[in-house]
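Here's a quick briefing to read alongside the model. Have the sequence and the 3D view open as you go.

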There are 2 protein chains.
Amino acid sequence: MSILIQNVLLADQSTDLLIEGNRIARIAPEIPEPSGATLIDGSHQAILPGLHNGHTHAAMVLLRGYADDMPLHQWLTEKIWPIEAKMTEESVYWGTKLACVEMIRTGTTFFNDMYWHRQGSVRAVTEMGLHASLAGVVIDLFDKAKAREQRAEVENAFAVAQENSCDRIQFTLGPHAIYTVSEASLRWIAEFATQHDLLIHTHLSETQKEVDDCLAQHGVRPVEYLERIGFLGSRVSFGHGIWLDERERAILGERGCAIVTNPCANMKLGSGMFAFADTAKAGIPIGLGTDGTSSNNNLDLFEEMKFAALLEKVRTMDPTAVPAAEILRTATAENAKIFRLDSGVVEEGALADLILVNLRALAYAPGHNFVSDAVYSGTGYHVNTTICDGKILMRDREIPGEEEIRVKAIECSGFLTA
Amino acid sequence: MSILIQNVLLADQSTDLLIEGNRIARIAPEIPEPSGATLIDGSHQAILPGLHNGHTHAAMVLLRGYADDMPLHQWLTEKIWPIEAKMTEESVYWGTKLACVEMIRTGTTFFNDMYWHRQGSVRAVTEMGLHASLAGVVIDLFDKAKAREQRAEVENAFAVAQENSCDRIQFTLGPHAIYTVSEASLRWIAEFATQHDLLIHTHLSETQKEVDDCLAQHGVRPVEYLERIGFLGSRVSFGHGIWLDERERAILGERGCAIVTNPCANMKLGSGMFAFADTAKAGIPIGLGTDGTSSNNNLDLFEEMKFAALLEKVRTMDPTAVPAAEILRTATAENAKIFRLDSGVVEEGALADLILVNLRALAYAPGHNFVSDAVYSGTGYHVNTTICDGKILMRDREIPGEEEIRVKAIECSGFLTA
């Protein structure tokens, strides 16, 4: 099975690109058409690596717009948590499918997810064709019985994943945060990860309150606490990482931990501004994510790139901070490295996770600089075609089954909020 | 000539809406079809007032992406100004037409513009069907001969506008800023405005440097300087207004001046963060604008609303700051009041400047809260239909002549940057 994309713009040059199986086989000015290949006319389109969403809670799309503009604590306790308690594997399945459709439409081919009812997400991703890291979640709330139960669930989910694996899905470990997961569970997760060579993803220092609480409880800041319990290492990535001091950044840099920033959610919830420059300076790999849609409220990484670059420019009062090409790399190659994927670049041998962007869209006129236009002017809705793992998931803006998924997900959402 | 929109969602209720001439004639659950009326099926769509762009330089769309991520001074002197010097009425005409197409597509029905070669903009807006305030620009650079020449040009342009007026276009006065326009010209503009009852729009305190320079030159801050020369009054609105102190805000509040904020441009150029809450508290009307596309880089006010709300939330660390409905009002009714337009609301008797938003777009699923979805999740590219002054400018995403305009504008842009 092969796909030949003809006359597409790659870094300002027109080229052909051949996909064989799930890899990019060849990139050259004129590639002879293999027999039986699917042909895609790439004229008036530019090719980019599919975008990678480094931090989200996909099924929360069912709660988009359900509660906004509220104080954080009230938002969580009165709105989000009560609804989440009603979620089932079935609602997570339909929610994740709707999120997948939105990601495919806006040019995202990988997402790193942390949510309950993992098997619902597994089914959705298996069907929808994306690459994903899906976490076995632990939130023991410092309850020993709950901790035992959740660890057993994680072990069980991992065993199931080993047997019935979809090779687009990576099993990761998702302790929620230091303020919801006991030290014993965090230590167990670190060991389990080492034993099975798994990635770990968790929330870190999203709010100042977390830091204050950690200081009060453990006498040290969050990163120092994690260092003390032997949690840190190159398999660990964090969502947010806003409220870090220099010493914490130095520790993360030394340990090879990564941070995934989520500017829209951080701004919308009034959490704070991620220090992009200081984090990069400490040698910490930086990825980009949208967070869940109840705190964003969409999954469009094109928009997120603009927010990330502009937030850092205004934070530092420096218009040269985080140029367009750098934030594009963050949302593609950097995220791919953090999540150990052989994607995020348009190169021979890489995974065929690719998107075609419509250069005839007004956002790309007059067209002085494609990367600037993509980051500062375009949206995900200018993506025409999305290919993941060598399969076409959207062609000329058509996603098979989209309307049924939209309707079923809305139905599920109605049950939850009724 | 009438238009009947049937079964459209208005504030969560399905309704019909009848347009007669350029006004909304009736809003009711079931309106009988007038003979000869154009029918629009509003099912699965929500109706909003067309968005109002309170501060832009439309023709600069020709420079979108031409120079980004550069230090402000170098950006202006090496890139923007040399190209602007080559602009002609013809390039401004095609640039403004391209900008109009982008605004129509993203749901904007009014824009407040400040740019050279005003007659080029007048021709474009006359043809494209939008409402606009187009400024007679003064940038005398403290040169007396240039000042005389530009004042004569403004008088002449005003006389021409009185004779060949398009009633969708308002003549306004656009002194660029206190650091580019002499006191004599500012005084002359204030008098000319009073004499002919015209609005004035100018840039104010976009950067800290402006304030420092004003203090050095005049011994007072910018608003105090403008107060001293008798420039302030309810006909004056300002773009930006970032670097104001309490006393300046109090003066603007007393004088009835308005401020139009441009969050994307302020963030992208690293200028600073507009103090939304403090400005509102001082009783200053606040509008919203995109600024020009070389510092944004698009004209999508849906995106701008999200930036404005999220920037204020993170600036104040308060997730309840500027809720969705408030920023939507800023981009509609508030801007309409500032620019003395009888629009910005969906009410009987108001101008028929209206947009229909596609509720089947993924950004609006599951649909818990339309206004939240529009501000935090949607983009202008989810607008299906744009009506201005009682005429349909875009129907089902079709804008007559769009492709020709796009191609001609790209050609013009090529001449400028060759």
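Chain A has 14 helices and 16 strands; helices are DSSP runs of H or I with at least four residues, strands are runs of E with at least two, and both are numbered from the N terminus. This is a predicted model, where local features need pLDDT of at least 70, side-chain atom pairs count only at pLDDT 80 or more, and totals for chains, interfaces and linings use all residues. Residues are numbered from 1 along each chain as its sequence is written, while chains are lettered from A and ligands numbered from 1 in the order in which they are written.

**Overall build of chain A**

- The C-alpha trace of chain A spans about 65 × 45 × 40 Å along its principal axes.
- Chain A has a radius of gyration of 21 Å, which agrees with the value near 22 Å for a compact globule of 418 residues. That radius is taken over C-alpha atoms, and the globule rule is 2.2 Å times the number of residues to the power 0.38.
- Buried residues make up 58% of the 418 in chain A. Buried means 20 or more other C-beta atoms within 10 Å of the residue's own, exposed means 12 or fewer, and partly exposed is in between, with C-beta atoms placed from the backbone.
- Of the contacts in chain A with a separation of 6 or more, 73% join residues 24 or more positions apart. Two residues are in contact if their C-beta atoms, placed from the backbone, lie within 7 Å.

**How the two chains meet**

- Chain A and chain B each put 52 residues into the contact. On chain A, the elements giving two or more residues are α2 (89-105), α9 (263-268), α11 (301-316), α13 (370-377) and α14 (402-417).
- That side of chain A has 26 nonpolar, 16 polar and 10 charged residues. Here Ala, Val, Leu, Ile, Met, Phe, Trp, Tyr, Cys and Pro count as nonpolar, Asp, Glu, Lys and Arg as charged, and the others, Gly among them, as polar.
- A turn of 180° and a shift of 0.0 Å along the axis lay chain A on chain B with an RMSD of 0.0 Å, so the two copies are related as by a two-fold rotation axis. The superposition is by least squares on C-alpha atoms of residues with pLDDT of at least 70 in both copies.
- The same surface serves both copies, as 100% of the contact residues of chain A recur in chain B.

**Two buried residues**

- B:Ile200 sits in strand β10 (residues 200-204) of chain B and is buried, with 23 other C-beta atoms within 10 Å. Leaving aside neighbours within four places in sequence, B:Ile200 has contacts that include B:Thr172, B:Leu173 and B:Val236.
- A:Val322 is in the loop between α11 and α12 (324-338) of chain A, and is buried with 24 other C-beta atoms within 10 Å. A:Val322 and A:Glu312 are 10 residues apart in sequence and 7.0 Å apart in space, C-alpha to C-alpha.

**Backbone oddities**

- The peptide bond from A:Asn296 to A:Asn297 is cis, with omega near 15°. A:Asn297 is in the loop between β13 (286-288) and α11 of chain A.
- B:Ala365 and B:Pro366 are also joined by a cis peptide bond, with omega about 0°.
- A:Asp69 is a residue other than glycine with a positive phi, near 60°. A:Asp69 counts as buried, with 21 C-beta neighbours inside 10 Å.
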